Amino acid sequence: MLTEEKRKSLTFWLIVIVCAAPVVLATLTYYFFKPSKFVNYGQLVQPPIRLDTVAVKEISRPTAESALIDTNESRSEITNVGDLKGRWILAYIASEEQCGEECENTLYLTRQVRLMTGKNRFRVERAWIMFQDNPLIPNTNARDFKGLWTLKTNPEQSPFNSQPQSFVGVWIVDPMGRLIMRYPNEADPKKVYKDLSRLLKASRIG
């Protein structure tokens, strides 16, 4: 039969075990039982990279498929990415001198994804951000370029100055002007849409 002192000791250690168990299990799960699959398809950027202060030169703007083209704010020239703040942005950052087949397919992918969001599509803008001084812009009325902001930026400014080529690809920019998720150029549009739709559903801004 347990003595009073032993009962108190047992109670104490049971409390310690119950309190410590969640921490121990969480640690074991993190280091030894990492999930093989994640909910998001894109590569989550942690911490997010600020893009809102990046200076840009506006090359062309949408004539359709954009929620900003009819607003007073949109009548001013875009001078930095922050001017598009308040919207989710599907951004294609590119370094090519001209928009070839891969570029056109990628821009079309961003258009598909935006249209797939249905009634939420007016919360989403599309932007093609390039590093070249004299980009050869194809016909902006073509299917890939409807609703597209075409912007030129200097790769020597932050955050590109460290390694501009590492930013080439498709990104989701949140309404705060931050790069938060990245995709390869030949991404699956349905999976990109699922990521974006979750963000639109969870967010009350943009």
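Student: To start, how many salt bridges does the count come to?

Tutor: The count comes to 5 salt bridges, where a salt bridge is a side-chain nitrogen of Lys or Arg within 4 Å of a carboxyl oxygen of Asp or Glu. Keep in mind that this is a predicted model, in which local features need pLDDT of at least 70 and side-chain atom pairs count only at pLDDT 80 or more, while totals for chains, interfaces and linings use all residues. Residues are numbered from 1 along each chain as its sequence is written, and side-chain values use heavy atoms, with hydrogens and water left out.

Student: OK, which residue does arginine 50 meet in a salt bridge?

Tutor: Arginine 50 meets aspartate 52, side chain to side chain, at 2.9 Å from N to O.

Student: And is aspartate 52 buried or exposed?

Tutor: Aspartate 52 is buried, because its relative accessible area is 8%, whereas arginine 50 is exposed at 51%. Here buried means under 20% relative accessible area, exposed means over 50%, and partly exposed is in between, with a 1.4 Å probe and protein chains only.

Student: What about arginine 61, which residue does that one meet?

Tutor: Arginine 61 and glutamate 58 meet in a salt bridge of 2.6 Å, N to O. Glutamate 58 is buried, with 15% relative accessible area, and arginine 61 counts as partly exposed at 27%.

Student: Where do arginine 198 and aspartate 195 sit relative to one another?

Tutor: They lie in helix α3 (residues 189-202), and because they are 3 residues apart there, about one helical turn separates them. Their side chains meet in a salt bridge of 3.2 Å, N to O. Aspartate 195 is buried with a relative accessible area of 3%, while arginine 198 is partly exposed with 39%.

Student: Let me step back, how many helices and strands are there?

Tutor: The protein chain has 3 helices and 7 strands, and from the N terminus on the order is α-β-β-β-α-β-β-β-β-α. Helices (H or I, at least four residues) and strands (E, at least two) are DSSP runs, numbered from the N terminus. Of the 206 residues of the chain, 37% count as buried.

Student: Switching to aromatics, how many aromatic pairs are there?

Tutor: The count comes to 4 aromatic pairs. Rings of Phe, Tyr and Trp (its six-membered ring) pair if their centres lie within 6.5 Å, and planes under 30 degrees apart count as stacked, over 60 as edge-to-face and the rest as tilted. One of the pairs is phenylalanine 131 with phenylalanine 160, which is edge-to-face at 5.1 Å centre to centre and 70 degrees between the planes.

Student: Why does that pair tie together parts that are 29 residues apart in sequence?

Tutor: Phenylalanine 131 lies in the loop between β4 (124-130) and β5 (148-153), and phenylalanine 160 lies in the loop between β5 and β6 (169-173), so the pair links parts 29 residues apart in sequence. Both phenylalanines, 131 and 160, are buried, and together with Phe167 and Trp171 they form one aromatic cluster.

Student: Which peptide bond to a proline is cis around residue 159?

Tutor: The bond from serine 158 to proline 159 is cis, with omega near 5 degrees, and proline 159 is in the loop between β5 and β6. The bond from glutamine 46 to proline 47 is also cis, with omega near -5 degrees, and proline 47 is in strand β1 (residues 43-50).

Student: What is proline 175 apart from in space by 5.1 Å?

Tutor: That is tryptophan 88, C-alpha to C-alpha, although the two are 87 residues apart in sequence. Proline 175 lies in the loop between β6 and β7 (178-183), and this proline is buried with a relative accessible area of 5%.

Student: Last one, which residues gather in a patch of negative charge on the surface?

Tutor: The patch consists of Glu101, Glu102, Glu104 and Glu186. Patches are made of residues with over 30% relative accessible area and no salt bridge, with like charges joined within 9 Å and nonpolar side chains (Val, Leu, Ile, Met, Phe, Trp, Tyr) within 5 Å. Lys and Arg count as positive and Asp and Glu as negative, while His and the chain ends are not counted; the place of a charge is NZ of Lys, CZ of Arg, CG of Asp or CD of Glu. Accessible areas come from the Shrake-Rupley method with a 1.4 Å probe, and for residues only the protein chains shown count as cover. Glutamate 102 is in helix α2 (residues 101-116) and is partly exposed, with a relative accessible area of 42%.
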